[in-house]
Amino acid sequence: MKKIFSLLFVSILSFALFSCGKDDVDNNDETSNKKGNLTINGEKYQTIINYSYCAWNNIINLGTLAVGVSTSDYSSAGDYYYFYYTCDHEPAAGDVLSKMDLTFIPPYSETTYTYKEGTLKIISIEGRDVTCDMDNLVMEYNGDTYTFDGEFRVDLDLDR
């Protein structure tokens, strides 16, 4: 009986050891195809699709665009930038979110920045993939600014 428990313990331990660690990323998988690049205040980042989304609440006519950017080698580690806009319809290709009372909350903050200049536009929606483009988008709060540039994809989530 002791041998069986020892073998079981060794099996579980070896499984745990070999299943830990950084996984190889296949550049042909669906997730890697959904990533994009975003420049924030002059620094380039790769976007994270796993937790990035475009949502819309039809009760209060409020849209949310949450964009995660990678800050490490692990795909789920990063900072998240939240943009909010008012709109009377679901997100659609061609929507210029920067013209819809756009506000922004940076990571680790409760400060709300407002639109100053540039554009944030939905380029296309294909199934659950929303492609967005930021072109010299500047958000400001009391003279402090964030500038965004780049094209990226997020998940469409109308259930939030």
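Is F148 buried or exposed? F148 is buried, at 0% relative accessibility. That value comes from a predicted model. F148 is a useful place to enter the structure, and the strands around it follow.

Start with the rings. Across the whole structure, a search finds eleven aromatic pairs. One of them joins F83 and F148. Their centres lie 5.2 Å apart, and the planes meet at 75 degrees, so the pair is edge-to-face, the class for angles over 60. F83 sits in strand 4, residues 78–86. F148 sits in strand 8, residues 144–157. The contact therefore ties together parts of the chain that are 65 residues apart in sequence. F83 is buried too, with a relative accessible area of 1%.

F148 has another ring partner, F104. Here the centres are 5.2 Å apart and the planes stand at 80 degrees, so this pair is also edge-to-face. F104 belongs to strand 5, residues 103–105, while F148 is in strand 8, so the pair links parts 44 residues apart in sequence. F104 is buried, at 0% relative accessibility. Two numbers serve for each of these contacts: a pair of aromatic rings is described by the distance of the centres and the angle of the planes.

These rings belong to a wider group. Y81, F83, F104, Y113, Y141, Y146 and F148 form one aromatic cluster.

Now turn to the strands. Strand 6 covers residues 113–126, and strand 7 covers residues 129–141. The two run antiparallel and are joined by ten bridges. Within this pairing, I125 stands opposite V130 of strand 7. Strands 6 and 7 form a hairpin, with two residues between them. In that turn, G127 has a positive phi of about 65 degrees.

Strand 7 then pairs with strand 8. This pairing is antiparallel as well, over eleven bridges. E140 has T145 in strand 8 as its bridge partner. Strands 7 and 8 form a hairpin of their own, again with two residues between them. N142 lies in the turn and has a positive phi of about 45 degrees.

The two views meet at strand 8. Strand 8 pairs with strand 7 along the backbone, and it carries F148, whose ring packs edge-to-face with F83 and with F104. One further point helps when tracing side chains by eye: in a regular strand, they alternate between the two faces of the sheet.

How values were computed
Residues numbered from 1 in each chain as written. Predicted model: local features only at pLDDT ≥ 70, side-chain atom pairs only at ≥ 80, totals over all residues. Heavy atoms only, no water. Phe/Tyr/Trp six-rings, centres within 6.5 Å; stacked < 30°, edge-to-face > 60°. Helix = DSSP H or I, 4+ residues; strand = E, 2+ residues; numbered from the N terminus. Buried < 20%, exposed > 50% of the residue type's maximum accessible area, 1.4 Å probe, protein only. Pairing = 2+ DSSP bridges.
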